[in-house]
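Visitor: Could you give me a close look at the empty spaces in this structure, and at the parts that surround them? I would enjoy one connected walk through them.

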Amino acid sequence: MSTVRLTVGQAIVRFLARQWSERDGVEQRLFAGCFGIFGHGNVAGVGQALLEYPDDLRYYQARNEQAMVHAAVGYARMRDRLSTFACTTSIGPGATNMVTGAALATINRIPVLLLPGDVFATRAANPVLQELEDPRSYDVSVNDCFKPVSRFWDRINRPEQLPSALLAAMRVLTDPAETGAVTLALPQDVQAEAYDWPGELFDKRVWHVARPVPEPAALTRAAELLRNAERPLIVAGGGVIYSGAADELRAFAEVTGIPVGETQAGKGSLPWDHPAAVGAIGATGTTAANALARDADVVLGIGTRYSDFTTSSRSAFAHPGVRFVNLNVAAFDAVKHAGESLVADARTGLAALREALAGWSVPEPYRAEARRLSTEWNATVQRAFHQGHGPLPSQTEILGAVNEEAGPRDVVVCAAGSLPGDLHRLWRPSDPKGYHVEYGYSCMGYEIAGGLGVKMADPSREVFVLVGDGSYLMMSQELVTAVQEGVKLVVVLVQNHGFASIGNLSESVGAQRFGTRYRYRDPETGGLDGGVLPVDLAANAASLGADVLRAATAEEFRTALRKAITSTRTTVVHVETDPLAPAPGSDAWWDVPVAEVSELATTRESRARYEAAKHAQRHYL
């Protein structure tokens, strides 16, 4: 057996370069490259290897460790989880900065490989710089923080441990039901240690991503439940898009007539103007989808994990006898709400269900009702897009301008604040990949970094990053990376001087928008209710290398947006909006507890409304 003498860092780079994924006969590299920020914990190991083997794994310089994980997630999601990035950091703060990104990846079921440096395995120099000294054990480091937010975690204390750990990591990254963040903690001395590796470790290895088919008995039970339904409703989740099941969903909806509501991750599963499309569902949903949800007797969930926003905190599906059929590749999600479990790939499962339901469809009056509700909602959207609010434009007018100027294959990227709710309700996608809102973790700061990954995954699409001033201030550094790599983004920076979304929520729970506005501290009141802060985020974006356009009105914004689209450089369009401008509601509820006792009248009033709303909450058993 031939051997190859390499360091652990070199072996990792050589191995990752030879991993491929395959689905439906199409192969692609599992790793498109490696994001990295170097320090003493990885510069002589993985860093040296990336320098020595640039043709094996391309290195991309990042500015923030959390942000580079977000970029990897954006890339992997755009590639239907079939390709991703590795991310390497030093020990200490470089490593722990990635923990938030790891949580985001795992919550959203997106594969990303994390390679944080670690303290000396030999303990020869302990305690080293940035080492956490735990008096209970010398085998604990800050990298143990990754355990609860990783789908697989291992520490490579000896070179001999590396092959099995790498293979286990690839297994998890390529498993649609198990995927998420994978962390391999790499002690800095071990990274630089040489070993004689078996040559076959570096042979090309193809990881076949299966399409599980439903178990026949489960399929029969699910089909029977749907055949007996009078008002069924589909909830399309992210699994529809990741499995490439959009065409199969369209065929299924057209044959059966079942209307389709969409989660944040599933938005775009059907084109917005399809006759069966009733739009977003849940707390940030449309009045059309939520009206149908209230009376649905059978809910067919496809690739959804039923988050509290999707179910309106378990109040959306109000039919007293409502039943669930859950088509999901993950058994964990398929059994939720005591549903009829159909464990399968979304595309193969839908095809099997369509065959099992041959000859059956919902009554024509139900189809007509769904079309009527959808038509009424689309008229509401049109009014919101062109409401003529002034003197500052409304946020919905800004979204309308972006939506109408974007091409059918272009992508909108967002994550946190009031924008995701408005986008979920109002955005009109034409392509399954046209809507990219991270709402599993709703992480402030994801937007620009995630947009970078999206654009790297498919440079042929225009990518519109929508980010509020709150999220921009959390994390905007990857503008520099976009400029450095020549990756063109259109960043719409919405300035409303604070946390508009939480301001609205604060008001709804009787907390009077406390701590949600960016203001000077008033010396007389002692509160943060003085004048507006003189923060110029447009100037900040220009200092990071982006081109910047400023707009003061909806008309000026549309003109600036068109200019940004024609540019070849990353361009930030800055616009100030009115945070109090009205936006269409969803007629749905979200469970945010209100203080049970208070001397504030606003809080007592909110508590009374909260207790009334709680009566609609159900266990779905």
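Guide: Let us begin with a term that we will need on the way: a residue counts as buried when its relative accessible area is under 20%. By that cut-off, 8 of the 8 residues of α16 are buried, so this helix is largely enclosed by the rest of the structure. Please keep in mind that the model is predicted.

The buried residues of α16 run through Leu419, Pro420, Gly421, Asp422, Leu423, His424, Arg425 and Leu426. Helix α16 is a good starting point for your tour, as α16 supplies at least two residues of the lining of the largest pocket and also at least two of the lining of the second largest cavity.

Take the largest pocket to begin with. Its volume is about 1,300 Å³, and 50 residues line it. Nearest the centre of this pocket lie Arg425, Ser501, Asn504, Leu505 and Trp590. You have met Arg425 already, as one of the buried residues of α16. Besides α16 (419-426), the helices α15 (395-405), α18 (469-474), α20 (500-508) and α23 (601-614) each bring at least two residues to the lining of the largest pocket. Helix α20 gives the largest share, with 6 residues. Sorted by class, the lining of the largest pocket holds 24 nonpolar, 20 polar and 6 charged residues.

Now for the spaces that are closed off. The structure has 6 cavities of 30 Å³ or more. In the largest cavity the volume is about 580 Å³. Its lining is made up of 39 residues, and Gly238, Gly239, Ala265, Gly303 and Arg305 are those nearest the centre. Helix α9 (238-242) and strand β16 (323-328) each contribute at least two residues to the lining of the largest cavity. With 3 residues, α9 has the largest share. The classes in the lining of the largest cavity are 17 nonpolar, 14 polar and 8 charged.

The second largest cavity brings us back to α16. About 150 Å³ of space lies within this cavity, and 18 residues line it. Lys267, Trp272, Gly279, Trp377 and Asn378 are the lining residues that lie nearest the centre of the second largest cavity. Along with α16, strand β14 (277-280) and helix α14 (364-385) each supply at least two residues of that lining. By class, this lining comprises 9 nonpolar, 5 polar and 4 charged residues.

Both β14 and α14 lead on to another helix, α11 (residues 287-295). The buried residues of α11 are Ala288, Ala289, Asn290, Ala291, Leu292 and Ala293. These buried residues pack against β14 and α14, and against β12 (232-236) as well.

For contrast, here is a spot elsewhere in the chain, in strand β6. Alanine 86 sits in β6 (residues 84-89) and counts as buried because its relative accessible area is 0%. Leaving out residues up to four places away in sequence, alanine 86 touches Leu16, Phe31, Gly33, Cys34, Phe35, Leu113 and Leu115. Alanine 62 is 24 residues from alanine 86 in sequence, and the two are 12 Å apart in space, C-alpha to C-alpha. Threonine 89 belongs to β6 too, and its relative accessibility is 0%, so it is buried. With the same sequence neighbours left out, threonine 89 touches Ile37, Asn42, Glu65, Met68, Gly94, Ala95, Met98, Leu115, Pro116 and Gly117. Leu115 is thus touched by alanine 86 and by threonine 89.

Finally, let us step back to the whole protein chain. It contains 23 helices and 23 strands. Of its 621 residues, 58% count as buried. A compact globule with 621 residues would have a radius of gyration near 25 Å, and the chain has 25 Å, which agrees. The C-alpha trace spans about 70 × 70 × 55 Å along its principal axes. Among contacts between residues at least 6 apart in sequence, 76% join residues at least 24 apart. On the outside, the protein chain exposes about 24,200 Å², and carbon and sulfur atoms supply 53% of that area.

Conventions: Residues are numbered from 1 along each chain as its sequence is written. This is a predicted model: local features need pLDDT of at least 70, side-chain atom pairs count only at pLDDT 80 or more; totals for chains, interfaces and linings use all residues. Side-chain values use heavy atoms; hydrogens and water are left out. On a 1 Å grid over the protein atoms alone, a cavity is a set of points where a 1.4 Å probe fits but cannot get out, and a pocket is an open set with protein on both sides within 12 Å along at least five of seven lines; lining residues have an atom within 4 Å of a point. Grid points are joined across faces, edges and corners, and a volume is the space filled by probe spheres set on the points. Helices (H or I, at least four residues) and strands (E, at least two) are DSSP runs, numbered from the N terminus. Ala, Val, Leu, Ile, Met, Phe, Trp, Tyr, Cys and Pro count as nonpolar, Asp, Glu, Lys and Arg as charged, and the others, Gly among them, as polar. Buried means under 20% relative accessible area, exposed over 50%, partly exposed in between (1.4 Å probe, protein chains only). Contact means heavy atoms within 4.5 Å. The radius of gyration is taken over C-alpha atoms; the globule rule is 2.2 Å times the number of residues to the power 0.38. Accessible areas come from the Shrake-Rupley method with a 1.4 Å probe; for residues, only the protein chains shown count as cover.
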